[in-house]
Amino acid sequence: MKRFIPSHNKEKHKMNKAKRKAIIAGNWKMNKTPSETTAFVKELAPVVKDAECEVVICVPFVDLQNAVEAAKGTNIHVGAENLHWKESGAYTGEISAAMLCDLGVEYVVIGHSERRQYFAETDETVNLRTLKALEKGLTPIVCVGETLEERETGKTEEVLKRQITVGLKGVEDLTKLVIAYEPVWAIGTGKTATPAMAQEVHAAIRKILADTFGAEVAEKMQILYGGSMKPENADALLAEKDIDGGLIGGAALKADSFVALIESASKAL
Ligand code: PEP
């Protein structure tokens with residue numbers, strides 16, 4: 001595989017993206033076994049060692065240990081795809097924040113639309129999970145986004161406002177978490193929001209954050225785009241002023257396409 005080439009376009013970085021570091025985070029969903037995880041990280045690590053953005057892979061619970069082991073001494077960070085908000089106890093099948101921290105996990109996806117759709121995730125449980133993750137020092141990647149019906153009935157901003165204000169209630173330092181804007185109609189469907197559409201919503205999210213929590217913190221927060229991001233559309237999406245990286249499903253499962261996205265993010269810095 002072709003080696004990652006660092007960008008030299010620092011001036012653009014200063015002008016465009018203020019001081020926000022770009023993040024390219026893969027969300028593997030229910031894909032790859034532990035041994036496939038080890039092989040993937042070993043293939044990826046040497047190629048992205050000079051990446052100028054943060055490189056994160058969020059993997060199924062059973063893959064975490066292999067991912068952390070294989071990523072040791074590299075610039076690849078490992079995340080989980082969910083966690084429970086209770087400290088410990090009689091919650092069969094659940095995983096606590098302390099368990100993730102003990103493994104060396106650093107990030108956790110919270111409130112993904114698939115969890116909202118299939119596993120009864122609500123804004124309230126997103127809030128509980130987010131607070132627990134932060135308490136334990138994990139970086140939550142909190143997902144928000146409207147369905148097609150909500151978009152078509154003009155409810156996008158109202159939905160995002162509710163997801164953000166309820167989901168982030170009581171968070172003391174918002175810069176310790178990352179937001180992922182994932183329009184539900186664009187996830188895994190091949191339909192991407194155009195860069196202009198995505199930028200418009202990212203700017204609206206930053207305004208909601210500014211109105212709710214203050215302009216200074218809103219300016220510092222990283223807002224990732226998710227929804228069929230791939231090498232062919234990443235340059236244009238990541239060039240937008242308020243898009244600070246991507247949360248990526250399908251294109252994160254193959255090292256080649258994941259590396260291409262990391263290159264795009266570094267170019268856009
Ligand atoms: C996701 O799962 O968060 C996602 C954005 O998936 P995809 O890139 O496949 O649309």
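Me: What makes Lys241 and Asp242 a salt bridge?
Reply: Happy to explain! The closest N and O atoms of Lys241 and Asp242 are 3.5 Å apart, and a salt bridge is a side-chain nitrogen of Lys or Arg within 4 Å of a carboxyl oxygen of Asp or Glu, so the pair qualifies. This is a predicted model, where local features need pLDDT of at least 70, side-chain atom pairs count only at pLDDT 80 or more, and totals for chains, interfaces and linings use all residues. Residues are numbered from 1 along each chain as its sequence is written, and side-chain values use heavy atoms, with hydrogens and water left out.

Me: Why is Asp242 called buried?
Reply: Asp242 has 4% relative accessibility, and buried means under 20% relative accessible area (exposed is over 50%, partly exposed in between; 1.4 Å probe, protein chains only). Asp242 therefore counts as buried, whereas Lys241, at 52%, is exposed.

Me: Which residues share a salt-bridge network with Lys241 and Asp242?
Reply: Arg20, Arg206, Glu219 and Asp244 are linked with them in that network.

Me: How do you know that Glu135 and Lys132 are about one helical turn apart?
Reply: They are 3 residues apart in helix H6, so about one helical turn separates them. Helices here are DSSP runs (H or I, at least four residues), numbered from the N terminus. The side chains of Glu135 and Lys132 also meet in a salt bridge, at 3.3 Å from N to O.

Me: Why does Glu69 count as partly exposed?
Reply: Its relative accessibility is 48%, so Glu69 is partly exposed. Its salt-bridge partner is Lys72, which counts as exposed at 53%.

Notes:
Helix = DSSP H or I, 4+ residues; strand = E, 2+ residues; numbered from the N terminus.
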